[in-house]
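Welcome to this short guided tour of a protein chain. Take a moment to look over the picture, and then we will walk through some of its helices together.

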Amino acid sequence: MSATGLDVFDKTLQTTNIWLGEIMEHHGPDRKVAWHILSVVLRTLRDKLPPEVAAHLGAELPLLVRGAYYDQYRPNHRPEKATRSLDDFLECVADGMKPGRPVNPAEATKSVFQVLARHVDLGQSAKVRDTLSKEIRALWPDSVGTKEDT
C-alpha cells in the first residue's frame with residue numbers, strides 16, 4: 001500500500017530513509033542529525049565540483065535528497081584551486097554543522113561519501129571522486145561499490 005498515494009514520493013522516501021539509516025549507523029540514531037549531515041556534506045561537495053559534474057551527480061540523487069542538494073546553489077560559482085584543500089572542505093562542513101550537535105566533519109564526510117559510493121552509479125561516482133583533490137579523495141571509500149537498487 002502506498003504511503004503517499006504517489007509512487008514517486010514513496011520511492012524517494014524509502015530511498016532517503018535507507019541513506020539516512022546508513023549515516024545513522026555511524027553517527028547515532030537521530031534521523032534529524034543524519035539528514036543534517038547528508039545535506040551539509042552534499043552541498044559542500046556540490047560547491048567543490050565543476051557545475052557539469054555537480055549537475056550529473058544531482059541527477060543521480062533521490063528526489064528528496066536532490067532538493068537539499070540544490071538548496072542555495074549558484075551554478076555560476078566555479079570552485080577555485082585554492083579552495084580544494086581538505087582543510088577548507090572540512091571547515092565548510094563544520095560551519096554547516098554548527099546549528100546542530102557537534103559532529104566530526106571528517107567522519108560526517110566519510111559516511112556521506114560511503115553512501116554515495118554505494119548508491120550512485122559507479123561511473124558517476126568515480127567521476128565525482130576523481131574530480132576532487134587528492135586530499136579530499138582520501139575520505140572516499142577505498143573501493144567504489146556497485147549501485148544498489150535505490
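At roughly what angle do the axes of helix H3 and H7 cross? Keep in mind as you look that this is a predicted model. The axes of H3 (residues 51-60) and H7 come within 10 Å, and they cross at roughly 145°. The crossing of these two helices is left-handed. On the H3 side, the contact is made by Val 53, His 56, Leu 57 and Glu 60, and H7 brings Gln 124, Val 128 and Thr 131 to it. Sorted by character, the residues of this contact come out as three nonpolar, three polar and one charged.

**A closer look at H7**

Helix H7 covers residues 122-131, and Thr 131 belongs to it. Is Thr 131 buried or exposed? Its relative accessibility is 19%, and buried means under 20%, so Thr 131 counts as buried. Not counting residues up to four places away in sequence, Thr 131 touches Leu 49, Pro 50, Val 53 and Arg 84. A polar atom of the Thr 131 side chain also lies 2.7 Å from the backbone oxygen of Lys 127.

Thr 131 has company: the buried residues of H7 also include Gln 124, Ser 125, Ala 126, Val 128 and Arg 129. The elements that cover the buried residues of H7 include H2, H3, H6 and helix H8 (134-137). At the N-terminal end, H7 is capped by Asp 121, with a side-chain oxygen 3.1 Å from the backbone nitrogen of Gly 123.

**Helix H2 and its surroundings**

Now move to helix H2, which runs over residues 31-48. How far does H2 reach from its first C-alpha to its last? The 18 residues of H2 span 26 Å, close to the 26 Å expected at 1.5 Å a residue. Many names appear in the list of buried residues in H2, among them Val 33, Ala 34, Ile 37, Leu 38, Val 41 and Leu 45. Arg 46 and Lys 48 are buried in H2 too. What covers the buried residues of H2 includes helix H1 (7-27), H3, helix H4 (63-70), helix H5 (86-97), helix H6 (105-119) and H7. At the start of H2, a side-chain oxygen of Asp 30 comes to within 2.9 Å of the backbone nitrogen of Lys 32.

**Three more residues to find**

Here are some other places to visit, with their accessibility.

| Residue | Relative accessible area | Class |
|---|---|---|
| Pro 51 | 14% | buried |
| Gln 114 | 26% | partly exposed |
| Gln 72 | 68% | exposed |

Pro 51 lies in helix H3. Leaving aside its neighbours within four places in sequence, Pro 51 is in contact with Tyr 73, Pro 75 and Arg 78. Pro 51 and Thr 12 are 39 residues apart along the chain, and their C-alpha atoms are separated by 24 Å.

Gln 114 sits in helix H6. With neighbours within four places set aside, Gln 114 is in contact with His 26 and Pro 141. From Gln 114 to Thr 4 there are 110 residues in sequence and 29 Å in space, C-alpha to C-alpha.

Gln 72 is found in the loop between H4 and H5. What is special about backbone angles here? Most residues other than glycine have a negative phi. Gln 72, however, has a phi near 60°, a positive value in a residue other than glycine.

Methods
Residues are numbered from 1 along each chain as its sequence is written. This is a predicted model: local features need pLDDT of at least 70, side-chain atom pairs count only at pLDDT 80 or more; totals for chains, interfaces and linings use all residues. Side-chain values use heavy atoms; hydrogens and water are left out. Helices (H or I, at least four residues) and strands (E, at least two) are DSSP runs, numbered from the N terminus. Buried means under 20% relative accessible area, exposed over 50%, partly exposed in between (1.4 Å probe, protein chains only). A polar contact is a pair of N or O atoms within 3.5 Å; within protein, one must be able to donate a hydrogen and the other to accept it, and residues adjacent in sequence count only if both atoms are side-chain atoms. Contact means heavy atoms within 4.5 Å. Axes are lines fitted to C-alpha atoms, for helices over the stretch in contact, and angles run from 0 to 180 degrees between N-to-C directions. A crossing is left-handed if the near helix is turned anticlockwise from the far one by less than a right angle, and right-handed if clockwise. Ala, Val, Leu, Ile, Met, Phe, Trp, Tyr, Cys and Pro count as nonpolar, Asp, Glu, Lys and Arg as charged, and the others, Gly among them, as polar. The expected span of a helix is 1.5 Å times one less than its number of residues.
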